[in-house]
Structures are given as structure tokens and as C-alpha cells.
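Please open the model in your viewer and keep the selection panel at hand. The tour goes from the domains to their interface, then to the whole chain and one pair of side chains.

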Amino acid sequence: MTNKIAIICNYELLPERVGGMDYFFWDFDKKCKENGIQIDWFFPNISNHGNYPKLTIHEAGKLNVENSFLQFLEQNKPNYSCIITHFVELCTPFFSKIKKLSKAEIIAVDHNPRPLHGYSLKKRINKKVKGLFYAKYIDLFVGVSDYTVNEILKDFGFHLKSKTKTIYNGVVIEKILVRENRNIVKPSFLVASHLRESKGIQDLIDAVSFLSEEIKDEIRIDVYGDGPYKNQLMERVEQNSLGNCFSFKGSKANLNEIFFLYDYMLQPTHMECFSLSILESLAANVPVITTNVGGNTEAIANGKNGYIFEAKNTKALTQLLEDVYLGNKKISINTRELIANSFSLPKMIEDHFQLLNSNKF
């Protein structure tokens, strides 16, 4: 007899944005099928790229993915042993409604970053209230970093500690090309990020503007990504006469083949949960210069496989850029080994699969 589970993902399937989570969905589905577990997937849309045609996908259509799933539960009454959510808001009436329609265990995976200075008092109170009313309907909370787990407890109550767990995101190491030699003096830099204000790329532009004229004449930073803040960033570059320093490359689906062309990745983000781009860069043997937010410090050991600076501290970033560019600071180790040991996609899949084993599959 085949066991059935449901996975609800508020994650739009886009062929131009194939990333680590797509590979996770494909390989997790394969792992489950090999072990007699069938997955019903619930996404906002259907796509035929990659291995998505091999998945059993229910499209939300005009409904949001949560209401689409509830409608499916009510109409079809499937006998699920486990229901897992990804990218779905925690502790909402959605979870209590599931429990009224299904006896399945509910696992909620939290991928969401928090604001740099935390939520407003009103929102903090609101989350505490939601925790009191709805956390009891979730059997296990999974955070993608220790930071995320701590934020779940801060948001909804420390009484939930016994039913929280950290499972780190992982990357497809085998598909990432590796840099063999790193330039100690005058290294090359890339940014790989969605272009929105919270990613802090404006801080990087300001930091570069404070560098000496000699360095500004030579330093080159390629920015990969797109987003609503792109025009403002480009205007900031022009206002600071840094057109020779920054090159906006747009979105690329093959970043796994691009990271290794550079010596360092820059990620001046203001908020993060656990960055796959950091893991991918490290897997390419490209150290990362990033901020002390979210789970960044769980992947980056300052001075060992990258450098950490305080978010929004442009002067600190300027000094770091100067030291690294002139060779006063350097990262010597092969950064790929950490990823292979701790943050690979197979480990992520196995850790998630063990959740099903713990539920007596």
C-alpha cells in the first residue's frame, strides 16, 4: 500500500528562476516514490520545466494555494498521513481548518526572513496571539536555520521549543563549477540577488563611493539579478559616477556556472533567512562578504570562508572592500568543503525524509 502525503508550497514555478528549492522538490519527490510514498503537490501554478512534469501537481488557479488545498481536502477527502507547508504563513486559521478536515500530522517549514530591527509592537502582539490560538494545530515547526527557529519561538512563544527543528537548506554541489585559483590582489566581485531594497545593494554602492579614486578606477562588480529596485540602484550608481565600477547583468538561470568566474561574492543584505546564493558561492570556492543578519553567520565564519560586517554599516564595508582589494585581507581555504559536508542537497533531502520516518512511514 502506498502512503500519501501533501505538500503545500506558496512558491511560483518559473522556468527562468530555477534554484535550489526546485531541485529539492524534484529530488524529494523521487526519494519518496522510491520508498512507497506518493506526494500530492499544491502550487500556485503548473510548469513543465525541469522535472515538474513528473510531480503530481494541483494548481491553485484563481484561488490562493491555501484555499485551493482546503477545497481539495473538502471535496476529495484524501487519507494523508502527513501535510507539509513551505512558504506558507505560520499560525493562521488555515492550520486549524486543515485539522478539521484531516487527521494528518502537520509540519510547517519556515523560509521567511525577518526585518532587521524586528517587527512593530503591534505585529509582535498579533503574532503572540496567533501563536496561542493556532500553534497547537502544527505538530512540528521546521526552520531553515537556527536563526529561523529562534525567530519562530520569539514570534509565537518559547513554549513551542519542544516541537521545533532546524533543517538547513542545501545546494546541488555537483552542478556548481569550482574556482581553482583566487586572486589575492585586485580580486573580482559579483552580487547575485533579487534587486529589492532589503537586499542592501544601495549600501554597497555607497561603500564603493567612499573608496579611493585609484581603487574606483579599477574595481569591477557585476550584479546578477532583477527586481523592483533596479532603476533606483542604477540611478544611485550614476549619481555617484560609478558607472565603470558596476555592471548590471540581469537575471541568469545558470548562476551555478557563473560563480566560479569571480573571487568574492558580495551580499550586503538587511534581512535573510538562510541564503542559497551564499551556499552556492561557497560551493564554487568563492568566499562571501555579507552581513550579520539571519542565518548568514551559520554558514560564514568571519575571516575563514568570508567576512561578516554589520548590516547598513557602509564604512565597515568600505574598509573591507579596500582591505580585500589591496590584498591586506584574504581567504585562503577551499570554501567548498563546508558545503559538501553540511549543506548539500542530498543531506537536506535525507533530513526532510527522516521527518516522515519519525511519523511512522
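Begin by selecting the two parts that the domain assignment gives for this predicted model: domain 1 consists of residues 4–170 together with 344–357, and domain 2 covers residues 173–342. If you place a marker at the centre of each domain, taken over C-alpha atoms, the two markers will stand 30 Å apart. Where the domains touch, domain 1 contributes 22 residues to the contact and domain 2 contributes 21.

Next, show the surface between the two domains, where about 1600 Å² is buried, with 65% of that area on carbon and sulfur atoms. Which elements of domain 1 should you colour on the side that touches domain 2? Select α1 (20–34) and α5 (146–156), the elements that give two or more residues to this side. When you colour the residues of this side of domain 1 by type, they divide into 9 nonpolar, 8 polar and 5 charged.

Stay at the interface of domain 1 and domain 2 and look at how the residues pair across it: the rule finds 5 residue pairs in polar contact, both partners having pLDDT of 80 or more, whereas the number of salt bridges found across this interface is 0.

Now zoom out and switch to a cartoon view, in which the protein shows 13 helices and 13 strands. The radius of gyration is 22 Å, close to the 21 Å that the globule rule gives for 361 residues, so the protein is as compact as a globular protein of that length. Along the principal axes, its C-alpha atoms fill a box of roughly 70 × 45 × 35 Å.

Finally, turn to the salt bridges, of which a search of the whole structure finds 14. For one example, select Lys33 and Asp29, whose side chains meet in a salt bridge at 3.0 Å, N to O. Lys33 and Asp29 are separated by about one helical turn, because they lie 4 residues apart in helix α1.

Technical notes
Residues are numbered from 1 along each chain as its sequence is written. Side-chain values use heavy atoms; hydrogens and water are left out. Domain bounds come from an automatic or database domain assignment. Contact means heavy atoms within 4.5 Å. Buried area is the accessible area (1.4 Å probe) that two parts lose on being put together, summed over both. A salt bridge is a side-chain nitrogen of Lys or Arg within 4 Å of a carboxyl oxygen of Asp or Glu. A polar contact is a pair of N or O atoms within 3.5 Å; within protein, one must be able to donate a hydrogen and the other to accept it, and residues adjacent in sequence count only if both atoms are side-chain atoms. Ala, Val, Leu, Ile, Met, Phe, Trp, Tyr, Cys and Pro count as nonpolar, Asp, Glu, Lys and Arg as charged, and the others, Gly among them, as polar. The radius of gyration is taken over C-alpha atoms; the globule rule is 2.2 Å times the number of residues to the power 0.38.
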